[in-house]
Amino acid sequence: MASETKVGTYTGTGAAVNIELGWTPDYVKIVNLTDGDDAWEYFAGMTAGHAIYTRSVTDNATTGNASMSRITSNGITPRNPTDFSGNKGFTAGSALSENGKTFGFVAVRNAEY
């Protein structure tokens, strides 16, 4: 198996969004491109549905505080060959799917060890 990287976008619906890659990722980063204020990351070995959440300071530091935290639900879930009728990729949980907003992602699969 070769290493692979895929970059793409999706539009949030307010519900979980399934992203098809054809392979199961070891790393996923998702960024809210519409607002530019939120990012989430998943690394292989993390619990499904979890993510590291980073919030930037926005509007001259008046509406948000920069922070980094772990979310434990509605985050990023890698999908293996037996999940979702054999479709491989990942699910961006509802926390990463604000309705009508555009989200960018990068997903990476490492080569076999």
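**Exercise 1. In what order do the elements of the protein chain run from the N terminus on?**

Let's start gently, with a walk along the chain. Keep in mind that this is a predicted model.

- Step 1: Begin at the N terminus and note each element; the series reads β-β-β-β-β-β-β-β-β.
- Step 2: Check this against the totals for the protein chain, which are nine strands and zero helices.

**Exercise 2. Describe the protein chain as a whole, using its burial, its contacts and its surface.**

- Step 1: Take burial. The protein chain has 113 residues, and 35% of them are buried.
- Step 2: Turn to the contacts with a separation of 6 or more. Of these, 60% join residues that are 24 or more positions apart.
- Step 3: Look at the outside. The accessible surface is about 6000 Å², and carbon and sulfur atoms hold 50% of that area.

**Exercise 3. Work out which strands stand at the edges of the open sheet that contains β8, and explain why one side of each has no neighbour in the sheet.**

- Step 1: Write down the strand order. This open sheet has three strands, arranged β2-β8-β7, and their pairing is antiparallel.
- Step 2: Find the edges. β2 (17-20) and β7 (76-79) each have a single partner strand, so one side of each is left without a neighbour in the sheet.
- Step 3: Add the twist. On average, neighbouring strands here are turned by 20° against each other, with direction ignored.
- Step 4: Zoom in on one pair. β7 and β8 (residues 89-92) are joined in the antiparallel sense over four bridges. Along this pair, Ile76 stands opposite Ala92 in β8.

**Exercise 4. Is Arg79 buried or exposed, and which side chains does its own side chain touch through polar contacts?**

- Step 1: Locate the residue. Arg79 belongs to strand β7.
- Step 2: Apply the cut-off. A residue is buried when its relative accessible area is under 20%. Arg79 has 1% relative accessibility, so Arg79 counts as buried.
- Step 3: List the partners. The Arg79 side chain makes a polar contact with the side chain of Glu20 at 2.7 Å, and another with the side chain of Asn18 at 3.4 Å.

**Exercise 5. Now repeat the reasoning for Thr91 and name a polar partner of its side chain.**

- Step 1: Thr91 sits in strand β8.
- Step 2: With 10% relative accessibility, Thr91 counts as buried.
- Step 3: The side chain of Thr91 makes a polar contact with the side chain of Asn18 at 2.7 Å.
- Step 4: Put the two solutions together. The side chain of Asn18 has polar contacts with the side chains of Arg79 and Thr91. Nicely done!

Methods:
Residues are numbered from 1 along each chain as its sequence is written. This is a predicted model: local features need pLDDT of at least 70, side-chain atom pairs count only at pLDDT 80 or more; totals for chains, interfaces and linings use all residues. Side-chain values use heavy atoms; hydrogens and water are left out. Two strands pair if DSSP finds at least two bridges between them. Helices (H or I, at least four residues) and strands (E, at least two) are DSSP runs, numbered from the N terminus. Axes are lines fitted to C-alpha atoms, for helices over the stretch in contact, and angles run from 0 to 180 degrees between N-to-C directions. Buried means under 20% relative accessible area, exposed over 50%, partly exposed in between (1.4 Å probe, protein chains only). A polar contact is a pair of N or O atoms within 3.5 Å; within protein, one must be able to donate a hydrogen and the other to accept it, and residues adjacent in sequence count only if both atoms are side-chain atoms. Contact means heavy atoms within 4.5 Å. Accessible areas come from the Shrake-Rupley method with a 1.4 Å probe; for residues, only the protein chains shown count as cover.
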